[in-house]
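Work through the exercises below with the structure open beside you. Each task is followed by a solution in steps.

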Amino acid sequence: MIKSKVVQLAVCIILSAIVFSCEKEIEMKLDESNSYVINSLFSADSIMSFDITESKSVLSNRFDYDTITNAEVIVTKNGSPISLNQQGGKYFSSDVIEAGATYAIEAKISGLTLSAETKIPSKVQNLSIDTSSAIIGDYGFREKKIRITFDDGEGKSYYKVSLVQKSISYYTDYNGIETSSENEYNEYFTVDGSRLDLINSTDDFGTVFGDDFYYNELYFSDLGFENQTINLVISFPIYSYEYSYEDKFYSVIVSKVSEDYLLYNQTKNQQQYTSGDPFAQPTLVYSNINNGLGIFAGISSEFVTF
Amino acid sequence: MNSYPPKILVLILTFFSLSLTAQKFTLSGYLSDSETGEKLIGASVYDKKSLKGTSANIYGYYSITLPTDTYNIVFSYVGYSKIEKKVVLTSDTELNIDLSSSSTLDEVKIVGDKMEKITETTKMGSINIPMKQIEKMPTFLGERDLIKVAQMLPGVQSSEGSSGMYVRGGGPDQNLILLDGVPVYNVSHLFGFFSVFNSDAVSNVELIKGGFPARYGGRLSSVLDIRMKEGNTKKLSGTASIGLISSKLTLEGPLGSENTSFIISGRRTYIDILAQPFIKIAARNDGLESLSAGYYFYDFNAKINHKFSNKSRLYLSAYTGKDKAYIRSKDKYSNSFESGYEEQNNKLGWGNLTTALRWNYLLTPKLFSNVTLTYSQYKFDVGIGYESEYTNSNDETNFEEFSSEYISGIDDIGLRWDIDYLPSPNHFIRFGVSNIFHKFTPGISSTKIAYDDFGESIDTTLSVGSDPLRTSELGLYLEDDMKIGDKLKVNAGIHLAAFAVDNQFYFNPQPRLAANYQVASNTSVKAGYSRMNQYIHLLTNVGIGLPTDLWVPVTDSIEPMIGNQYSIGLAQNLNNGFELSVEGYYKTMQNIIEYKDGVSFLLQADDWQNKVESGDGWAYGAEVFLQKKTGKTTGWLGYTLSWTNRQFENINFGEKFPYRYDRRHDVSFAIVHDFSKKFNMGLTWVFGTGNSVTLPVAQYGVADNPVSLSNNSFFGGNTIKHYEGRNAYRMPSYHRMDVSFNFVKQKKRGEAIWNISFYNAYNRQNPFALYFGIDDRGGQVLKQISLFPLIPSFAYTFKF
């Protein structure tokens with residue numbers, strides 16, 4: 001009798017264990033430690049702006065970040081302090097950023113010193129574009145080629161090329177008033193880059209259409225063209241429909257970017273592109289902030305509009 | 001006679017042999033199991049007085065050359081009763097010995113006996129797993145698994161439910177897994193939950209983790225040498241098993257005479273058959289004409305050997321195994337407008353085929369030759385198909401067909417010639433040459449589109465993918481297991497490897513050295529150095545072994561992997577049959593590959609080189625292994641303390657990071673106890689520090705981008721996930737206990753064994769994967785997926 005009871009009990013325990021433990025998910029504790037973040041990407045001939053925030057736990061559901069407003073911040077240009085203004089938790093430089101200069105930041109927060117230094121690249125020299133080639137293709141798909149030419153300077157350089165389409169639409173609103181709206185976005189384009197040292201990974205902020213890879217932003221180095229003239233030809237789609245009530249402009253923007261800027265954008269874009277893909281290796285985002293997170297880096301840009 | 005090996009070689013070696021052994025004669029022969037005729041690999045043969053001896057090679061052949069005299073020669077093997085023979089050695093003598101199995105060898109008798117002792121061999125990092133122990137150990141779903149047992153040895157890491165082995169910091173592709181000398185490329189069934197090796201057909205398993213003898217090459221981290229049984233030469237016998245998910249049948253016996261024997265062994269799962277009634281119900285509920293779906297795997301091993309004479313023996317062995325998942329459905333319909341059918345056919349399959357044709361020939365009693373022709377194939381095949389046809393009210397017919405198939409794999413044809421030369425008890429010389437022709441098929445997909453749209457028709461097939469790549473891998477080796485004086489034994493050798501791929505040619509000499517110095521009668525210190533090269537890589541998901549994993553060769557930009565391993569150790573024979581070994585190792589690995597950040601594992605074969613990075617790896621640690629092979633209680637206790645790191649220029653910003661299977665502490669405990677002839681019990685317990693994974697710990701905002709309109713949130717929002725580094729987060733530790741009970745009953749025609757096993761006996765929820773999820777209150781939390789809870793199983797085995 002006792003034996004049969006023991007057997008019954010054993011069977012119950014085993015069955016219970018099987019029922020309650022199949023693919024069970026368990027909550028776990030994660031070590032939560034916050035860091036201070038300096039975020040500042042700036043461009044020559046523009047004012048530098050940045051903020052200092054506090055990172056939050058990966059488990060946090062908050063949408064915003066705590067802004068640090070009581071930090072002791074010093075920004076220097078070629079070793080000399082520049083004046084800063086603070087407004088709404090954001091810092092602004094009084095003067096515009098100078099191409100070729102070295103900028104450094106030091107922020108003291110609660111006994112911790114965050115620091116970073118970066119050199120703003122010199123400007124792109126002799127940028128010109130040739131838009132004379134005819135639009136090719138049939139009604140369904142037409143594209144235009146542009147030749148971009150500029151001179152590479154001395155030293156190792158990294159470039160970013162983007163094509164911005166700006167359109168202004170004119171219409172009459174419900175009240176009968178003539179009005180207009182502007183719209184800007186980065187146009188996708190292909191590149192004849194067989195000789196270029198392309199830095200974009202194939203998964204980088206672009207898309208495949210047919211057999212071609214369309215870039216949203218194109219990064220490359222001057223490898224093979226050091227101190228020479230760089231030529232590249234990009235092609236972008238021309239949509240078959242044109243609205244008479246719309247003005248459309250394109251700008252080719254060629255930026256010389258610092259290595260810090262390049263690494264940050266490359267890794268940040270890659271992380272965001274592969275976010276949610278369970279088969280993708282996670283991407284670590286680059287940071288040049290000592291004792292903290294974020295980025296402090298700049299670029300120099302030139303553009304031509306057509 | 002023309003087919004004999006070059007006579008000049010025989011003459012040179014014979015002359016060399018004679019010069020070394022003047023006034024000496026050779027005692028040689030085969031050591032076999034008295035009941036089955038199975039050869040006893042590694043059995044000991046020694047002179048009782050001088051203790052000079054040798055051991056049988058992998059074909060059970062021994063040879064010992066001694067001065068003319070009268071000797072008491074002892075033949076012994078673990079688990080067998082030893083035999084002592086008086087031999088008057090006045091001429092070359094052939095003596096074949098059959099040893100009788102002893103189910104539980106009396107441990108008192110073997111104390112102080114000169115059985116194969118770890119203190120006397122130069123082998124380092126080498127463990128022989130007794131098959132008799134494996135038979136009594138716990139099973140998973142009734143399946144006994146060699147790889148799972150190997151994973152419990154010190155220095156070997158694994159993950160839950162996986163057949164992959166990570167040996168001393170190496171990757172899963174760095175293990176040379178040989179079945180009868182033929183490399184097996186995919187050892188996984190059911191996504192790694194089971195291995196392809198059917199233990200009923202296996203006679204011997206040896207794992208080598210370091211101190212590699214020169215005869216092995218081609219992989220960096222380990223050799224798992226599995227030998228199939230040869231087949232019972234005495235009588236027809238067999239084993240039949242029924243388990244929870246599969247059944248097995250093994251038959252072996254002589255063919256005509258004792259000179260020819262065979263073994264065949266098959267295993268098949270029957271989940272698909274058991275599920276058929278449920279599938280039929282599902283088909284009926286969905287209104288389908290027919291529906292069949294299922295998953296199964298099978299293995300089939302066969303071996304036949306024939307003894308032409310005492311000098312010549314031929315073996316032919318083969319293995320084939322396959323996993324297959326399928327779903328086929330057909331739906332017929334008819335209404336007032338049209339009638340027709342739709343048919344779907346989807347399949348997923350992968351499997352291995354290996355064969356070996358082997359010819360053993362005794363050139364002289366001291367020269368044992370083995371020529372082997374091998375073939376190994378791994379193939380992965382996935383396909384989808386759709387077909388429909390309908391006829392409208394005007395009797396016009398429309399037909400559509402679409403099918404697509406993707407195939408990848410690897411084919412090897414190899415030829416090798418190995419010679420064992422035993423000029424004296426102080427030298428066991430091995431040399432040989434091998435060549436493997438690899439054909440890599442990294443991935444070919446073909447698509448067929450056909451339709452007949454009321455008279456307008458098309459039928460076309462399009463194939464795309466990389467062309468098969470043919471390469472050649474040549475190996476030459478020479479090694480000598482020598483005894484220098486009474487206390488020092490050295491195994492020195494060199495392995496020369498060359499690899500040709502496209503227009504690239506790689507050549508790598510690989511020196512090997514292992515030494516054993518006996519500091520006391522039961523204690524020795526050992527040291528070893530191995531240099532290994534590897535010419536093929538496995539592109540694999542780091543977490544689980546998928547059949548989509550691709551084997552690819554080195555290229556002009558992805559160079560061969562190089563491994564250098566240094567080890568030092570202490571071996572001691574303790575009382576009551578215990579053996580203790582303590583080993584420290586330091587291993588460097590160059591040109592290992594790793595996926596770059598952001599790369600998806602589901603990659604196309606043609607651009608794989610752009611998605612991986614070559615770099616370096618380091619592994620170092622210490623292993624303690626206490627083993628008991630004899631007596632009523634057998635088993636082992638293993639402990640590993642280790643560190644494993646990787647470094648790549650463009651991964652983790654060039655900083656070193658821990659390998660996924662960097663495991664600081666690893667403990668394994670396995671025990672088998674025979675309570676009586678009718679009942680025995682097995683228990684295993686494993687503990688391992690959690691795996692290293694890449695997990696974000698914080699989040700922060702994205703910096704505003706100047707002069708760019710594709711700002712910030714284009715793909716993934718305004719948040720950056722912050723990782724401390726690649727593999728910087730440690731999963732919870734892993735531990736698990738398995739228990740088995742075996743009830744043995746002697747029947748009129750054989751022996752019946754009931755096995756009851758409990759996998760994960762205390763129902764530990766071990767981590768398999770981590771992910772971020774949402775809790776009941778809507779908050780984000782980190783969650784853990786556990787695969788296997790407590791799983792009881794049973795198996796019934798009948799041996800006759």
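**Exercise 1. A buried acidic residue and its partner**

Task: Decide whether B:Asp420 is buried or exposed, and state what its partner B:Arg430 ties together.

Solution.
Step 1. The model is predicted. In it, B:Asp420 has a relative accessibility of 9% and counts as buried, the cut-off for buried being under 20%.
Step 2. B:Arg430, at a relative accessible area of 13%, is buried by that rule.
Step 3. A salt bridge links B:Arg430 and B:Asp420, with 4.0 Å between the closest N and O atoms.
Step 4. B:Arg430 belongs to strand β27 (residues 427–453) of chain B and B:Asp420 to strand β26 (residues 397–424) of chain B, so this pair ties together parts that are 10 residues apart in sequence.
Step 5. Elsewhere in chain B, salt bridges with shared partners connect B:Arg168, B:Lys209, B:Glu583 and B:Glu623 in one network.

**Exercise 2. Two further salt bridges**

Task: State how far apart the closest N and O atoms of B:Asp225 and B:Arg227 are, and explain why the pair A:Lys123 and A:Asp45 ties together parts of chain A.

Solution.
Step 1. In the salt bridge of B:Asp225 with B:Arg227, the closest N and O atoms are 3.2 Å apart.
Step 2. Both B:Asp225 and B:Arg227 are buried.
Step 3. In chain A, the side chains of A:Lys123 and A:Asp45 form a salt bridge with an N to O distance of 2.3 Å.
Step 4. A:Lys123 sits in the loop between β11 (112–119) and β12 (125–130) of chain A, and A:Asp45 in the loop between β2 (36–43) and β3 (47–54) of chain A; the pair therefore ties together parts that are 78 residues apart in sequence.
Step 5. A:Lys123 is partly exposed at a relative accessible area of 27%, and A:Asp45 is partly exposed at 46%.
Step 6. Over all chains, the count of salt bridges comes to 35.

**Exercise 3. An open sheet in chain B**

Task: Give the strand order of the five-stranded open sheet in chain B, and say which strands stand at its edges.

Solution.
Step 1. The order is β10-β17-β18-β13-β14 (chain B), and the pairing is mixed.
Step 2. β10 (126–129) and β14 (182–183) of chain B are the edge strands: each has a single partner strand, so one side of each has no neighbour in the sheet.
Step 3. β10(B) pairs with strand β17 (residues 202–208) of chain B through four bridges, in the antiparallel sense.
Step 4. Within this pairing, B:Ile127 is opposite B:Leu207 of β17(B).

**Exercise 4. The partners of β1(B)**

Task: For strand β1 (residues 24–33) of chain B, find how many residues are buried, then sort its pairings into parallel and antiparallel.

Solution.
Step 1. Eight of the 10 residues of β1(B) are buried, so the strand is mostly covered.
Step 2. The antiparallel pairing is with strand β4 (residues 61–67) of chain B, over seven bridges. Here B:Lys24 is opposite B:Pro67 of β4(B).
Step 3. One parallel pairing is with strand β8 (residues 93–94) of chain B, over two bridges. B:Ser28 has B:Glu94 in β8(B) as its bridge partner.
Step 4. Another parallel pairing, with strand β9 (residues 97–101) of chain B, has three bridges. B:Leu31 has B:Ile97 in β9(B) as its bridge partner.

**Exercise 5. A nonpolar patch**

Task: Which residues make the nonpolar surface patch of about 690 Å²?

Solution.
Step 1. The patch is made by B:Leu255, B:Ile304, B:Leu316, B:Leu357, B:Leu373, B:Ile413, B:Leu415 and B:Phe437.
Step 2. One of these, B:Leu357, belongs to strand β24 (residues 338–364) of chain B. B:Leu357 is partly exposed, at 35% relative accessibility.

**Exercise 6. Chain A and its confidence**

Task: Describe chain A by its helices and strands, and find where its pLDDT stays under 50.

Solution.
Step 1. Chain A contains two helices and 24 strands, and 45% of its 306 residues are buried.
Step 2. Of the contacts in chain A between residues at least 6 apart in sequence, 64% join residues at least 24 apart.
Step 3. The average pLDDT of chain A is 81, and 81% of the residues score at least 70.
Step 4. Over residues 17–21 of chain A, pLDDT stays under 50, and the model has nine contacts beyond four places in sequence for them. Residues 201–205 of chain A also have pLDDT below 50, with 18 contacts beyond near neighbours in sequence.
Step 5. Predicted coordinates should not be read in detail where pLDDT is low.

Methods
Residues numbered from 1 in each chain as written. Chains lettered and ligands numbered in written order. Predicted model: local features only at pLDDT ≥ 70, side-chain atom pairs only at ≥ 80, totals over all residues. Heavy atoms only, no water. Pairing = 2+ DSSP bridges. Buried < 20%, exposed > 50% of the residue type's maximum accessible area, 1.4 Å probe, protein only. Patch = residues over 30% accessible without salt bridge, like charges linked within 9 Å, V, L, I, M, F, W, Y side chains within 5 Å. Areas by Shrake-Rupley, 256 points an atom, 1.4 Å probe, with all protein chains shown as cover. Contact = heavy atoms within 4.5 Å. pLDDT = per-residue confidence, 0-100.
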